[in-house]
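Let us take a walk through this structure together, one region at a time. Have the sequence and the model at hand as you read.

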Amino acid sequence: MMRFPLRGGNWNNGSNAGLGYLNLNNARSNSNSNIGFRPALDSASNTLPKGACPCNFQKDAAASANAETYIKPVDASAGCLFEQIYNFDNLLSAAYSCRQGKAHKQSTLKFFNKLEENIIALQNELMWGTYESSPYYQFFVYEPKRRLVSAPNFRDRVIHRSIYDRLYHLFDKTFIDDSYACRVNKGTHKGADRAQRFIQRVENRHGKAYALKADISKYFSSINHDILKAMLAQKIKCPHTLQLLFYIIDASPSDGPGVGIPLGNLTSQLFANIYLHELDRFVKHELKERFYVRYMDDFIVIHHDKAHLHKIRVRIEAYLLQILNLRTNKKTQVFPIAVKNGRSLDFLGYRIYSSHRLLRKCSVKRIKTKLKKFRKQFAAGEISLQEINPKLQSWFGHASHANTANLRNAIFQKPFRRDS
């Protein structure tokens, strides 16, 4: 017998009893016979609510005329995900994941102040098909460039996290190995390492390496909703999961109807990788390019023949426009990689050659500006070394993956001094 996770108050609690009422003065471990809601009939316990997913159920031919009754099939491999998304423990785990690094924010404290009540409310909204997302908070970030970020409400982030946790491995196992953005055990440093190894292989074999370096123009704001939905529907067979994903796509702020997903949504990271996975497959399987690396909307192809790269650039740009409705930006080009009679591959925050790797000049300029500001604040007693240190560690980590020993010694040589 399957019971849906509706919670209620005890019948003997008078006005505190009834469907969906939270009797939170009892511990969750308190298992007694005081039950606020339980279907009275066996047939009622198998009735599928509006939001519950029918993927793992099939209609019983003997169902009553007043209720749709379902029984589980022997093989439940149809791809049902919706019950996992609204599962209480999964939503709870998602809430704690969303709290990391934001434990003291007002929205986090408000949600956790009535944690179980809020989780159950989200659970029931999903099950009964009444969930509606809250307005997004929008702001600009300016590093490494000016971008508009649309941040969802905390309760929406909990649902996005639960969705992401259920879908990530389903799609990640289909991605190519040389896609490095927003994936476990990938990232910018491994992507840069891979690109440098490709340059070294081509140079060792042919004496010269060229790069096609491309960037999608306004990628997140250009993703076509209908194309993305079709990609999701190819993999996900659970109709209620698709309905929820489509709602999130359509309800997100965008530059126009039917196009764009917001920076700031966790689901957008996954959607963006799913969308350009089609490009990955085209480059690897149709064009059969061996030395290809993609990090979100930036990608490179390394080859010894400059003319070859110009040819595949035309084919790639045609594919992007015709199949994905995307365009590369004006910075897309083909060039030689060399210290002499060439240039570095500017990729993933580094200037990459076959023999060594340097930081971008803008990165060096930013850290010098920050250090100047921190020294001034420290001298005035406005900030401590304990506060400065963690703000510099991320840059140290990034710089340590390049040939920067002399640079680090030079820019950090000047000590912090406090005015007496």
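A residue is called buried when its relative accessible area is under 20%, exposed when over 50%, and partly exposed in between, using a 1.4 Å probe and protein chains only. By that rule Lys218 is exposed, because its relative accessible area is 65%. You will find Lys218 in the loop between β7 (210-215) and α8 (219-222); helices (H or I, at least four residues) and strands (E, at least two) are DSSP runs, numbered from the N terminus. Lys218 also has a positive phi of about 45 degrees although it is not a glycine.

A word on what you are looking at: this is a predicted model, in which local features need pLDDT of at least 70 and side-chain atom pairs count only at pLDDT 80 or more, while totals for chains, interfaces and linings use all residues. Residues are numbered from 1 along each chain as its sequence is written, and side-chain values use heavy atoms, with hydrogens and water left out.

Now turn to helix α6, residues 154-172. How far apart are its end C-alpha atoms? They are 25 Å apart, which agrees with the 27 Å that 19 residues should span at 1.5 Å a residue; the expected span is 1.5 Å times one less than the number of residues. At Arg166, α6 bends by about 30 degrees, the bend being the angle between axes fitted to the seven residues ending there and the seven starting there. The N-terminal end of α6 is capped by Asn153, with a side-chain oxygen 3.0 Å from the backbone nitrogen of Arg155. Among the buried residues of α6 are Tyr164, Tyr168 and Asp172.

Those three residues, Tyr164, Tyr168 and Asp172, also help to line the largest cavity, along with Phe175, Cys182, Arg183, Gln269, Leu270 and Asn273. On a 1 Å grid over the protein atoms alone, a cavity is a set of points where a 1.4 Å probe fits but cannot get out, and lining residues have an atom within 4 Å of a point. The structure holds one cavity of 30 Å³ or more, and the largest has a volume of about 30 Å³; grid points are joined across faces, edges and corners, and a volume is the space filled by probe spheres set on the points. Both α6 and α11 (266-286) supply at least two residues of this lining.

After α6, have a look at the loop between α6 and α7 (188-206), where Lys186 is found. Is Lys186 buried or exposed? Lys186 is buried, because its relative accessible area is 19%. A polar atom of its side chain lies 2.6 Å from the backbone oxygen of Asp177. Asn185 lies in that loop too, but Asn185 is exposed, with a relative accessible area of 60%. Asn185 has a positive phi of about 60 degrees although it is not a glycine.

Further along is a hairpin formed by β8 and β9, with two residues between them. Four bridges join strand β8 (residues 292-295) to strand β9 (residues 298-303), and the two run antiparallel; strands pair if DSSP finds at least two bridges between them. Tyr295 stands opposite Asp298 in β9, and Met296 in the turn has a positive phi of about 55 degrees.

Our last stop is strand β11 (residues 345-347), which holds Asp346. Asp346 is partly exposed, since its relative accessible area is 26%.

Definitions and conventions. Polar contact = N/O pair within 3.5 Å; in protein donor to acceptor, adjacent residues only side chain to side chain. 1 Å grid on protein atoms, 1.4 Å probe; cavity = no way out; pocket = protein on both sides within 12 Å on 5 of 7 lines; lining within 4 Å.
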